[in-house]
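Here's a quick walk through one structure, from the pocket to the backbone oddities. Have a look at it first, then read on.

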Amino acid sequence: MQGSEKIIDVCIRGAGIVGRTLALALSRQGLSVALQTPAAPGTVREDVRAYALNAASVALLEQLKVWHALAADARTAVFDMRVQGDDAASVLRFSAWQQKVRELAWIVDAAELEAELAAAVRYAPHVQVTSLEVPAALRVFAEGRDSAGRDQVGVGFETHDYGQRAIAARLSTDAPHAGVARQWFNAPDVLALLPLDRPHAGHGLALVWSLPAERAQALLSMSDGEFEALLMQATAGAAGSLRLVSARASWPLVLARASRVHGAGWVLVGDAAHVVHPLAGQGLNLGLGDVAALSGVLSSREPWRSPGDAALLERYARERELPVQAMAALTDGLLRLFAHPSPWARELRNRGLGLVEAAAPIKRWLAARALGQ
Ligand SMILES: Cc1cc2nc3c(=O)[nH]c(=O)nc-3n(C[C@H](O)[C@H](O)[C@H](O)COP(=O)(O)OP(=O)(O)OC[C@H]3O[C@@H](n4cnc5c(N)ncnc54)[C@H](O)[C@@H]3O)c2cc1C
């Protein structure tokens, strides 16, 4: 690098939801940001997923003026949640009024959130979008689970493959969704139906169905009619008569964590730092938690510290250690208990659901973790 070359404050590699949100948050502090996109972008497919976002993530998007820019039908409040074990009698119910909150979570259309963030980044001061690496005081790798930057700085990524895939799709139902999110633990499958007004106000649902990889492949190659029939069987009609209104897409499921999240002038955020199973809908919430923490640490830095200062990055790493560790343990523990086919695990989970349902303080504690409180 030439001595006369201007160094910007932060270069973020990866313009997914986490990278873009971070670019916006840092630009509001007056930091100069380069947001690096791939030099040769692959084929872009519309994301059929919908994300469950907790109160902390929504608050961050509100601060950045993105939340209210989302179309009204692209975000739907969840007021009730029903979790069912493989015994029809074992049901756990959470409600916003019991939890003393306005809503338990919001379900957000993934493609709409990406598009609104992209629009906000285009108009953000101090942010340049580029396909080139830009010299910066701090480099942030926000490249998702297959981060090449993480490999370049020599950081390990301990990965446990669950041998499962999650199928996502959009559905419509003849019964109103009424803001109820439903989840079935039917070992080893985990099936979630999340209320989302797009594309059918009051009657739209987002599906996330985690299954052993081979069975997932079989379900993906079925006709729409056969797939819908299996869905009806798995949900026993509890969410009404279900019809596919999008293509089906699938993702491999892993638990993974980087051995370090910072080093000399670089830091990891989002799925580049940690990946959890989607059964609790928390991966993106963790990534947005990284954004809030890193942005907070940088905004409160002493004036003599550069954004790449080691002490600052250490503060960020310390702040994220516990929440990431706790969520990885919670999702992994739930999966091991709920996806295990043995009779003892079945007995334990069904009794466990009944006990938690009867124990209000434990229920409140579990819900508070999911709400990001
Ligand atoms: C089926 C499913 C359902 C889920 N549901 C939920 C949910 O309900 N709630 C929730 O909180 N989370 C959920 N998640 C998790 C969530 O999808 C991820 O945690 C989140 O998308 C991670 O965002 P990210 O920006 O870190 O990474 P990504 O979304 O992977 O984005 C990374 C970006 O970096 C770019 N990139 C990669 N390499 C380079 C490079 N070398 N140079 C430049 N750019 C690069 C990529 O093109 C991409 O745009 C779910 C996940 C799955 C699979």
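For sorting residues by class, Ala, Val, Leu, Ile, Met, Phe, Trp, Tyr, Cys and Pro count as nonpolar, Asp, Glu, Lys and Arg as charged, and the others, Gly among them, as polar. On that basis, the shell around the ligand has 12 nonpolar, 10 polar and four charged residues.

A word on the source: this is a predicted model, where local features need pLDDT of at least 70, side-chain atom pairs count only at pLDDT 80 or more, and totals for chains, interfaces and linings use all residues. Residues are numbered from 1 along each chain as its sequence is written, and side-chain values use heavy atoms, with hydrogens and water left out.

**Around the ligand**

There are 26 residues around the ligand (a heavy atom within 4 Å of it), and Ala52, Glu143, Asp271, Leu284 and Asn285 come nearest. Helix α1, strand β3 (50-53) and helix α8 (283-299) each supply at least two residues of that shell; helices (H or I, at least four residues) and strands (E, at least two) are DSSP runs, numbered from the N terminus.

Which protein atoms pair with oxygen atoms of the ligand in these polar contacts (N or O atoms within 3.5 Å)?

| Residue | Protein atom | Distance to a ligand oxygen |
|---|---|---|
| Val18 | backbone N or O | 3.2 Å |
| Asp271 | side-chain N or O | 2.8 Å |
| Asn285 | polar backbone atom | 2.9 Å |

Taken alone, the ligand exposes 1000 Å² (Shrake-Rupley method, 1.4 Å probe), and the protein buries 80% of that.

**Two helices side by side**

Helix α1 (residues 17-28) also meets helix α4 (residues 110-123): their axes (lines fitted to C-alpha atoms over the stretch in contact, with angles from 0 to 180 degrees between N-to-C directions) come within 10 Å and cross at roughly 30°. On the α1 side, the contact (heavy atoms within 4.5 Å) is made by Ile17, Arg20, Thr21 and Leu24. From α4 come Leu113, Glu114, Leu117, Ala118, Ala120 and Val121. By class, the residues of this contact are seven nonpolar, one polar and two charged.

**Backbone oddities**

Most residues other than glycine have a negative phi, and most peptide bonds are trans. Lys65, though not a glycine, has a positive phi of about 65°, and sits in the loop between α2 (55-63) and β4 (75-78).

Ala187 and Pro188 are joined by a cis peptide bond with omega about 0°; Pro188 is in the loop between β11 (180-186) and β12 (189-195). The bond from Arg198 to Pro199 is cis too, with omega near 5°, and Pro199 belongs to the loop between β12 and β13 (204-212).

Terms used. A polar contact is a pair of N or O atoms within 3.5 Å; within protein, one must be able to donate a hydrogen and the other to accept it, and residues adjacent in sequence count only if both atoms are side-chain atoms.
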